[in-house]
Amino acid sequence: MKSFKSIVLAALAVLVVAACAPVAPVSAQSSSLSIAPKKNYLIEAGKTEKDKLNIRNLDSTSDLTLYLRVIDFTYTDETGTPKLFLDGDTEPTTWSLRSYLKVPETVTVPKGKSASVDMSVTMPKGIGAGSYYSAIVYSTSAPDATGKGNVGLAASGTTLAFVTVPGAMNEEMNFLKLGAYSKTAQKYQYITMDEPQVIGYTLENKGNVAEAPVGSMVLKNRFFGFEYNIAQVNPNKSLALIGQTRTFEACVKTAGQEQNFNGDTNEGNQCVSAGLWPGLYTVNAELFYGQNGNLTKELHKNAHFWYLPLWFIILAVLALLGLAFVIWRTIVMIRGGSFKVGGRPRTRKSSSRRHR
């Protein structure tokens with residue numbers, strides 16, 4: 001099959017010229033602050049969890065003084081980007097940890113060194129089971145008393161803190177969408193000329209628990225019968241927050257799956273080409289979610305999309321034109337020879353006989 005595909009591509013090279021522009025890599029902006037991006041805790045109602053915040057000053061020339069505060073956050077869209085509530089007068093969310101999470105107001109980290117500060121989370125008695133979360137914001141200036149409203153997560157150094165209170169929870173997820181997904185356009189593609197590298201799925205969280213779905217998908221080409229198994233449906237363990245409609249992305253094939261040194265496979269989340277053939281594809285997704293101590297729930301959905309690259313469209317058009325030409329020539333030959341017998345034209349007989 002691979003050799004046949006190579007032959008087809010080589011034959012179409014005289015018909016199609018593809019221009020490919022290289023993409024320059026984007027380097028991350030340097031920062032003098034190194035912190036943990038996320039903290040996760042399982043705390044029973046009425047219990048306290050004590051922990052440490054490890055902060056590293058990457059600047060080797062000067063000390064770093066930071067101001068810490070706990071604020072709430074929600075989501076901005078279906079991509080999962082959090083939105084911080086920096087206004088100090090904002091009402092606590094229903095999932096807020098602001099009253100339960102304690103951190104120091106300031107900390108000074110010596111140049112080129114690290115500091116460890118105490119933090120604690122106390123969940124009150126009688127609090128309901130479910131997910132609670134807020135953010136610890138680190139800034140180099142004192143908080144503005146007037147606040148600045150909602151800003152994106154990248155506005156300052158931030159640690160997201162999540163607490164799960166065990167017990168009988170309301171866990172409910174709806175499966176909304178599934179199919180080939182464009183990361184650049186951030187939308188589903190049901191007909192695409194570019195090889196799909198990402199399968200997206202959109203879930204709606206209607207419960208009171210932040211959920212991280214797991215499971216598997218099977219991608220199948222209906223023309224040739226090829227199947228591709230996708231085991232990493234949520235490689236970053238991303239969460240659908242309470243009330244959020246979240247779109248998750250799963251690579252058909254990851255860069256990590258191409259490398260295997262000393263028997264170890266690096267499961268990276270960078271999507272690469274899986275060498276998909278053109279045609280109609282179906283996606284079968286089986287997902288699972290649920291917290292420990294609660295019943296695991298399942299989600300199922302099937303979808304389809306067309307992958308029709310330019311070379312395949314040109315080949316199909318040429319094939320149709322060739323078939324149309326053959327049919328036309330056959331009709332012409334049949335019509336042209338319908339009144340010939342033995343190579344000579346057949347004369348029509350008169351309906352009346354001539355009398356001699």
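In this predicted model, strand 3 (residues 48-57) and strand 9 (residues 114-122) run antiparallel to one another and are joined by nine bridges. Two positions show the register of this pairing: Arg56 has Ser114 of strand 9 as its bridge partner, and Ile55 stands opposite Ala115 in strand 9. In a regular strand, side chains alternate between the two faces of the sheet.

Strand 9 also pairs with strand 7, again in the antiparallel sense, over two bridges. Here Lys102 stands opposite Ser120 of strand 9. These pairings belong to an open sheet of four strands, ordered 1-3-9-7 with antiparallel pairing. Its edges are formed by strand 1 (33-34) and strand 7 (101-102), each of which pairs on one side only.

The discussion now turns to the nonpolar cores. In soluble globular proteins, nonpolar side chains tend to be buried together. The largest nonpolar core comprises 27 residues, and the members with the most contacts inside it are Leu178, Ile199, Tyr201, Met217 and Leu219. Several strands each supply at least two residues of this core, among them strand 13 (173-182), strand 16 (198-205), strand 17 (214-221) and strand 23 (297-307). Strand 22 (279-289) is also one of these contributors, and the largest share of the core, five residues, comes from strand 22.

Leu178 illustrates the packing in detail. Leaving aside residues up to four places away in sequence, Leu178 touches residues including Tyr188, Tyr190, Ile199, Tyr201 and Met217. Its contacts further include Val283, Ala285 and Ala303, as well as Lys301 and Asn302. A second core, separate from the one just described, contains 25 residues, including Tyr41, Val107, Ile136 and Val163.

Definitions and conventions:
Residues are numbered from 1 along each chain as its sequence is written. This is a predicted model: local features need pLDDT of at least 70, side-chain atom pairs count only at pLDDT 80 or more; totals for chains, interfaces and linings use all residues. Side-chain values use heavy atoms; hydrogens and water are left out. A nonpolar core is a set of buried Ala, Val, Leu, Ile, Met, Phe, Trp, Tyr and Cys residues joined through side-chain atoms within 4.5 Å. Buried means under 20% relative accessible area, exposed over 50%, partly exposed in between (1.4 Å probe, protein chains only). Contact means heavy atoms within 4.5 Å. Two strands pair if DSSP finds at least two bridges between them.
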